[in-house]
Amino acid sequence: MSRFFATGSDSESEESSSADEITPKAPGTNFKQSLLLSDDEEDTKRVVRSAKDKRFEELTNLIKTIRNAMKIRDMAKCLEEFEQLCRAFLKSKNIVDKEGVPPFYIRLLADLEDYLNQLWEDKEGKKKMNKNNAKALSTLRQKIRKYNRDYETEIAAYKENPQESADEEEEKEPGDSGSSSDSDAEEGEDGVSAKSFLKKKPEPSLEASKFLKSAKGSGDESSSTDDDEDEDWGSDTVDSGSESSDEGEGKRSSLALVFLKKAQESEKTSERKIVKKKKTKKKERLEEEAEEEGGEEVEGGWEKVKGGAPMVKEKPKMFAKGTEINTTVVVKKLNEILQARGKKGTDRAAQIELFHALAAIATENNLGQGIMVKIKFNIIASLYDYNPNLAAFMKPDMWKKCLECIDELLDILFEHNNIFIGENIAEDSENLAVSDQPFRVRGCILTLVERMDEEFTKIMQNTDPHSQEYVDNLKDEGRVCGIIDRLLNYMENKGSTEEICRIYLRRIMHTYYKFDYKAHRRSLGLQGESKSEQDQEESEGEDSAVIMDRLCKFIYAKDRTDRIRTCAILCHIYHHALHSRWYQARDLMLMSHLQDNIQHADPPVQILYNRTMVQLGICAFRQGMIKDAHNALLDIQSSGRAKELLGQGLLMRNMQERNAEQEKIEKRRQVPFHMHINLELLECVYLVSAMLLEIPYMAAHEFDARRRMISKQFHHQLRVGERQPLLGPPESMREHVVAASKAMKMGDWRTCHSFIINEKMNSKVWDLFPETQRVREMLVRKIQEESLRTYLFTYSSVYDSISMQTLSEMFELEIPTVHSIISKMIINEELMASLDQPTQTVVMHRTEPTSLQNMALQLAEKLGSLVENNERVFDLKQGIYGGYFNRDQKGGYQQKQSYQRDQKGGYQQRQGGYQDGYQRDQKGGYQQKQGGYQGGYQGGYQGGYQGGYQRGGYRNQNQSNY
């Protein structure tokens with residue numbers, strides 16, 4: 001007989017003996033009294049939950065909900081439940097103060113924080129989240145970090161030994177439940193309610209008690225699976241006993257209630273059992289995997305497979321035993337392996353191994369070099385395909401294999417001249433077998449080398465530039481250039497013109513940005529210090545300038561695509577500028593007319609153009625061409641996005657304007673770190689150039705109402721310097737330039753020189769130039785000359801005359817240089833003075849207008865502009881479009897070209913414009929003949945303005961030509 005029936009029969013006999021003592025009750029009798037009359041349940045302890053149990057159960061339920069939300073990555077639910085948990089924990093404050101913080105609460109806080117940190121670091125996962133989840137993640141992370149500060153010690157203790165703290169919690173739970181039931185059971189029978197009675201458990205008979213679990217054991221969550229089975233047996237016993245009772249409605253109702261309670265408890269225990277079984281199964285599986293990994297070498301028959309749906313794929317076998325190995329069979333096997341390429345579930349590493357095995361078989365059987373070349377082509381292609389994602393870069397081991405394979409392929413091609421390769425060879429017309437005919441193989445080695453070069457760039461882009469790994473990877477550039485050189489030699493003999501242009505451009509791209517120190521030393525007449533260095537210099541080939549000239553000129557003559565020619569021109573200009581060949585670089589840039597249509601080029605070419613313009617500006621600065629340097633750098637520096645325009649990084653403020661895909665594309669365009677241009681050096685060169693141009697101009701046009709700016713960025717730095725409440729010694733490069741500008745404004749060249757050239761500026765900027773000393777000497781000279789000009793502009797009104805000897809001593813310049821500077825200023829009508837040759841003095845002319853005359857001039861300017869505006873509005877109303885550019889002679893203007901401003905800020909009209917100034921009649925008051933007021937104000941300023949502003953007086957035709 002089954003033990004289920006055996007247990008049922010024992011309980012039936014016990015129930016029947018006890019049922020005889022109970023008298024039946026009418027249906028309407030009091031329910032509570034009928035329950036209390038039960039003899040079996042009189043001495044049973046009542047189970048009433050304490051406040052602690054209620055609070056802790058509420059916390060546990062909330063924690064379960066949070067953990068479920070964590071599993072499905074529902075951050076919004078996590079945040080909502082965490083806020084409820086915090087409120088529930090606050091309600092439990094009195095209990096927590098007595099008992100201490102429960103371990104399960106600490107465990108959740110620690111796990112939740114770790115989980116949120118892990119999610120936060122997963123950038124790809126964050127981008128895939130919806131808006132609500134991402135916002136909830138950010139909020140919850142801040143809240144949990146702030147909340148966990150109060151429990152740092154407990155969390156630290158848990159993290160040190162999480163297993164021990166979990167065991168302590170499990171030991172504590174059954175004891176707590178027992179104590180709470182004991183404390184709450186001491187109440188009188190009169191106050192018993194139906195609800196509290198539901199918690200009572202009947203006293204089992206002696207025979208059945210061995211199948212039932214003890215009251216204390218029922219609360220133990222961490223009991224073994226055997227205890228769980230005993231608990232299930234006990235519940236079955238009570239169920240069968242309750243079903244078999246036939247006598248006594250009161251007894252039956254009480255047993256029904258017990259049955260309901262037990263059913264609920266049995267459901268809970270069964271759930272716990274299922275969860276525990278799952279955990280134990282998972283643990284066993286992990287242990288088995290660990291054992292399998294450890295014993296893989298011993299048990300060769302077992303293979304570890306990945307989770308998920310099994311991919312049905314057959315590993316292609318090489319050749320059956322006894323198969324005759326010939327070219328046809330090997331090609332068939334090669335195509336069989338290639339068929340799996342790109343399919344889902346294909347093991348790419350296994351494919352590469354199969355290709356290598358096939359190459360070894362072909363070599364063993366002497367099938368010829370044709371089949372070897374074809375297999376090598378496929379090996380290199382499969383190495384490139386190993387990373388399916390375009391943005392991913394090759395791993396170091398794959399990269400080394402790729403370089404070795406390309407070298408081996410080139411070795412074969414150089415050794416055997418009878419191998420012809422090309423993309424134009426059809427697969428049907430391939431000749432791979434050994435015969436009198438030359439081998440013909442379909443494939444393009446140039447494409448493989450170009451892809452290798454791109455992969456090298458990707459490796460450099462994705463390596464930390466400040467690590468040793470970057471230096472190690474950069475050493476591979478020698479091998480890359482070696483392969484390109486070998487292919488260049490091969491293509492010169494067997495390649496088409498288009499292919500030669502492509503490989504030449506690859507060689508140029510690896511040369512243009514490198515400074516040729518050895519050629520520079522030879523140009524200066526220096527030799528190597530040791531004999532070995534001298535021998536090495538003699539054995540070396542041609543200079544990089546000669547190589548660049550030869551390669552670029554071939555592309556200029558033969559290339560049919562605009563892109564390759566444009567890139568070659570830009571690289572050539574960059575190389576000239578880098579080696580201080582200013583005039584060649586400038587002439588090549590002007591003759592190419594690239595600046596006219598560069599905006600239509602693709603972004604990488606635009607980045608190369610920006611880099612070339614910057615290098616051109618720095619070259620002009622080194623040569624002392626300050627104005628040219630400023631003009632070349634103006635566009636890049638005025639934008640405020642030099643870093644982005646040069647392809648040296650992305651600006652954070654523009655991150656919101658582009659999506660994830662655009663950001664990836666932008667990152668692929670970045671220039672590797674070893675090709676970067678120093679942005680601080682670039683900004684310093686620009687600001688110093690602006691200072692040398694702007695400060696004398698500001699001094700010359702101090703009272704000019706229409707003074708224009710040469711450099712907005714320089715003026716911005718000056719304003720920032722003026723707004724500082726506390727002016728200390730300069731620290732940054734910008735502060736040094738601002739301090740130097742203020743000193744130059746006062747004509748103090750020594751202070752200006754000390755701010756521009758000092759140890760700090762040398763280490764940051766000037767020492768980075770190849771010819772450091774020459775650049776410093778040029779700078780000192782320029783500072784002296786511009787300070788002299790500024791001094792004369794600023795203080796000319798103070799002097800009647802000044803000796804050139806004094807100026808020469810003051811600015812430490814030679815007298816001829818001083819004479820030259822002052823003569824230029826007088827000729828350009830910047831300085832109202834004359835030179836007295838016998839005494840070597842500068843005689844100042846007192847022709848500066850008074851304040852009244854200045855105001856009169858400004859009024860005349862404003863009236864003139866008002867008249868222009870009125871006439872323009874009148875013309876528009878009359879329907880004469882084009883404004884004052886299409887007026888006849890009666891209107892007073894004849895505009896043919898445009899107003900072309902000269903360096904002094906005035907207007908110079910070449911062909912049209914203000915012909916003879918304002919040709920008004922005598923009634924209008926002005927009649928301009930030679931720049932003077934001879935018509936209108938005849939009775940006015942005849943003493944002071946006799947003949948107007950004539951030569952030698954304050955005459956500025958280009959500014960106000962009335």
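Rings of Phe, Tyr and Trp are taken as a pair when their centres lie within 6.5 Å. By that criterion, this predicted model holds 18 aromatic pairs.

**Stop 1: Phe89 and Tyr151**

Select Phe89 and Tyr151 and display both rings. The ring centres are 6.3 Å apart and the planes stand at 80°, so the arrangement is edge-to-face; planes over 60 degrees apart fall in that class. Now colour the helices. Phe89 belongs to helix α4 (residues 75-91), while Tyr151 sits in the loop between α8 (131-147) and α9 (152-160), so the contact ties together parts that are 62 residues apart in sequence. Phe89 has a relative accessible area of 7% and is buried. Tyr151 is buried as well, at 12%.

Extend the selection to Phe82, Tyr105 and Tyr147. Ring pairs link these residues with Phe89 and Tyr151 into a cluster.

**Stop 2: Tyr470 and Phe673**

Which geometry do the rings of Tyr470 and Phe673 adopt? Their centres are 6.4 Å apart and their planes meet at 85°, so this pair is edge-to-face. Tyr470 lies in helix α21 (residues 468-474) and Phe673 in the loop between α33 (660-668) and α34 (679-700); with their positions 203 residues apart, the pair links distant parts of the chain. Switch on a surface to compare the partners: Tyr470 is buried, with a relative accessible area of 3%, whereas Phe673 counts as partly exposed at 39%.

**Stop 3: lysines over rings**

Select Phe393 with Lys395. The lysine lies over the face of the Phe393 ring, at 5.6 Å from the ring centre. Next, select Phe420 with Lys494, where Lys494 lies over the ring face at 5.3 Å from the centre.

**Stop 4: salt bridges**

The structure holds 37 salt bridges. Begin with Glu336 and Lys333, whose side chains meet at 3.2 Å, N to O. These residues are 3 apart in helix α16 (residues 327-339), a separation of about one helical turn. Glu336 counts as partly exposed at 36% relative accessibility, but Lys333 counts as buried at 8%.

Move to Glu450 and Arg502, which form a salt bridge with the closest N and O atoms 2.8 Å apart. This bridge links distant parts of the chain: Glu450 in helix α20 (residues 445-461) and Arg502 in helix α23 (residues 497-509), 52 residues apart. Glu450 is buried, with a relative accessible area of 14%.

Then select Glu477 and Lys514, whose side chains meet in a salt bridge at 3.3 Å, N to O. Glu477 is in helix α22 (residues 477-494) and Lys514 in the loop between α23 and α24 (517-524), so placed that the pair links distant parts of the chain, 37 residues apart. Is Glu477 buried or exposed? At 9% relative accessibility, Glu477 counts as buried; Lys514, at 31%, counts as partly exposed.

To close this stop, select Asp407, Asp411, Arg479 and Arg486 together. Salt bridges that share partners join these four residues into one network.

**Stop 5: a nonpolar patch**

Finally, select Leu859, Leu863 and Leu866 with the surface displayed. These leucines make a nonpolar surface patch of about 280 Å². Leu863 is placed in helix α42 (residues 851-878), and its relative accessibility of 44% makes it partly exposed.

How values were computed. Residues numbered from 1 in each chain as written. Predicted model: local features only at pLDDT ≥ 70, side-chain atom pairs only at ≥ 80, totals over all residues. Heavy atoms only, no water. Phe/Tyr/Trp six-rings, centres within 6.5 Å; stacked < 30°, edge-to-face > 60°. Helix = DSSP H or I, 4+ residues; strand = E, 2+ residues; numbered from the N terminus. Buried < 20%, exposed > 50% of the residue type's maximum accessible area, 1.4 Å probe, protein only. Lys NZ or Arg CZ within 6 Å of the ring centre and 35° of its normal. Patch = residues over 30% accessible without salt bridge, like charges linked within 9 Å, V, L, I, M, F, W, Y side chains within 5 Å. Areas by Shrake-Rupley, 256 points an atom, 1.4 Å probe, with all protein chains shown as cover.
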